[in-house]
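Me: I am new to reading protein models and would like a close look at one part of this one. Could you take me through it step by step, in plain words?

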Amino acid sequence: MAEYAFEQGPIRPPSEAGSLLLRVSRNCAWNRCTFCPLYKGQKFSLRPVADVVRDMETVADNVGRIRELHESADGESFKKRLRTFYYQLPEAERPAMLAAIKWFEQGMTGIFLQDADALLGGTRRLKPILDALQRCFPWRPRLTCYSRSATVLRYSVQELQDLARGGLDRLHLGLESGCDEVLQAVAKGATQAMHIQAGQRIKAAGIELCVYLMPGLGGTALSTPHALASAAAINAINPDFVRLRTLAVVAGTPLDEAWLAGQFEWCDSLTLVRELLTFFNALGDIQSRIESDHALNLFEDLAGAWPQEGTRIKAMLQRYLDLDPQTRTFYLLGRRCGQFRGLGDLKNVERMAAVRKLAEEADITPENIEEVCRELTRRMI
Ligand code: SF4
């Protein structure tokens, strides 16, 4: 039997940056999505429930020790004492202490169950984990996890309600697309109907839902159907959050092989922005929040309450389409180099000067900018 060790996985949603990461399973049981590099070559396993519970108990103990230190010292003195205390621990105990320290510093308001699909294993497995969470963290931090539509559909609404009563507040569901042709092409293991049914079931159970949409996933060929069918799926679900995470074709993935073989055409920025505009024009009167908190997205400020901020969001996309080719080149370069977060940054004199200089030095022009951006994007992953 493998020896117990505190574990945390590599991935969490952007919104869970301050959450405690508790690993209930390792890697991804599906692991076939052609665009996804995350767990390729890694074997899936469910962690023993006893180990997951031990992780929680260890973090809860550590939080208690940190609180004691915090109460007996303040400011700089607390930080110094915490550092000394940490380095006096045996090395094997440090990862769990580090996780507790980071969580304490963030206010201990959220917990995220890892890895790719924490609902695998069913309610019998999750019940003791949820019970232990309530026992170890009685102030009830917000509890969230990733799952897949196929897994959610193994649960009835009533079983999902039991999870909600047990403390599960929010599910993150990677739709990526609502278009069957795209979903099949990228081996997502779901159809539009499955996504809709799973999303509606989560909402009916009273669990908050964040769905992920991947602009560009249909490539040039399926850009419009991808936008329209994704909007239709999201209209039918009415999720609480829609998170954009633009496609990057990552070296070594099956999608990369298809791209290199000329079987997939990676959208340029104009196609991508037209696709987003088509998507938002087809998005109905749902009550959601659009989020764009990923570095791969072209605009970090393409976010806001829907439908209230729909006009601003669509105007922003149209503004990009209306830019002259040289300004668009500067924007793309600035965005990919981390100088720009949104179109408003084009007016930032210092940043614009830095981008112009870079464009001149590297000989980046409207003719080669898309190719440069693809390379920069591949390196960002
Ligand atoms: S289900 Fe998620 S983690 Fe698993 S291969 Fe697909 S995108 Fe990657």
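Me: How many bridges join β4 to strand β5, and do the two run parallel or antiparallel?

Reply: Happy to help! Please keep in mind that this is a predicted model. The count you asked for is 4 bridges between β4 and strand β5 (residues 142-147), and the two strands run parallel. One pair to look for is I111 of β4, which stands opposite L143 in β5.

Now turn to the other partner of β4. Strand β1 (residues 20-23) is joined to β4 by 4 bridges, and these strands run parallel. Here I111 appears again, since L20 of β1 stands opposite I111 in β4. Further along β1, R23 has Q114 of β4 as its bridge partner. So I111 is a handy landmark: find it opposite L20, and then find it opposite L143 in β5.

Next, is β4 enclosed or open? Strand β4 covers residues 110-114, and 5 of its 5 residues are buried, so it is largely enclosed by the rest of the structure. A general idea helps with the next step: in a regular strand, side chains alternate between the two faces of the sheet. In β4, one side has G110, F112 and Q114, the other has I111 and L113, and all of these are buried, which leaves both faces covered. Strand β1 can be read in a similar way: L20 and L22 are on one side, L21 and R23 are on the other, and all are buried, with both faces covered.

Let us look at the start of β5. R142 is found in this strand. With 15 other C-beta atoms within 10 Å, R142 counts as partly exposed, because a buried residue needs 20 or more. Leaving aside its neighbours within four places in sequence, R142 is in contact with T109, G110, D169 and R170. Of these, G110 is a residue you have already met on one side of β4. For a sense of distance, R142 and L276 are 134 residues apart in sequence, and their C-alpha atoms are 31 Å apart in space.

Now step off the end of β4. Most residues other than glycine have a negative phi, and most peptide bonds are trans. Against that background, the bond joining Q114 and D115 is a cis peptide bond, with omega about 0°. D115 is found in the loop between β4 and α4 (122-136). Another cis peptide bond joins W306 and P307, where omega is about 10°. P307 is found in the loop between β10 (304-306) and α12 (310-322).

Phi angles are worth a look too. E176 has a positive phi of about 65° although it is not a glycine. This residue, E176, is found in strand β6, and it counts as buried because it has 26 C-beta neighbours inside 10 Å. A187 also has a positive phi without being a glycine, with a value near 55°. You will find A187 in the loop between α7 and α8. A187 is partly exposed, with 16 other C-beta atoms within 10 Å.

That loop brings us to helix α8 (residues 192-204). Its 13 residues reach 18 Å from the first C-alpha to the last, close to the 18 Å expected at 1.5 Å a residue. The buried residues of α8 are Q192, M194, H195, A198, G199, R201 and I202. To see a pattern in that list, recall that an α-helix has 3.6 residues a turn, so residues three or four places apart point the same way. Try following H195, A198 and I202, which are among the buried residues. What covers the buried residues of α8 includes β6 (168-176), β7 (208-213) and α9 (223-237). After α8 comes G206, with a positive phi near 80°.

Finally, go back to the ligand. Its surroundings include C28, W30, C33, A116, R148 and G174. By class, the shell around the ligand has 7 nonpolar, 2 polar and 2 charged residues.

To put β4 together once more: β4 is joined by bridges to β1 and to β5, its two faces are covered, and a cis peptide bond joins Q114 to D115.

Definitions and conventions: Residues numbered from 1 in each chain as written. Predicted model: local features only at pLDDT ≥ 70, side-chain atom pairs only at ≥ 80, totals over all residues. Expected span 1.5 Å × (residues − 1). Buried ≥ 20, exposed ≤ 12 C-beta atoms within 10 Å, placed from the backbone. Contact = placed C-beta atoms within 7 Å. Near = placed C-beta within 6 Å. Nonpolar A, V, L, I, M, F, W, Y, C, P; charged D, E, K, R; others polar. Pairing = 2+ DSSP bridges.
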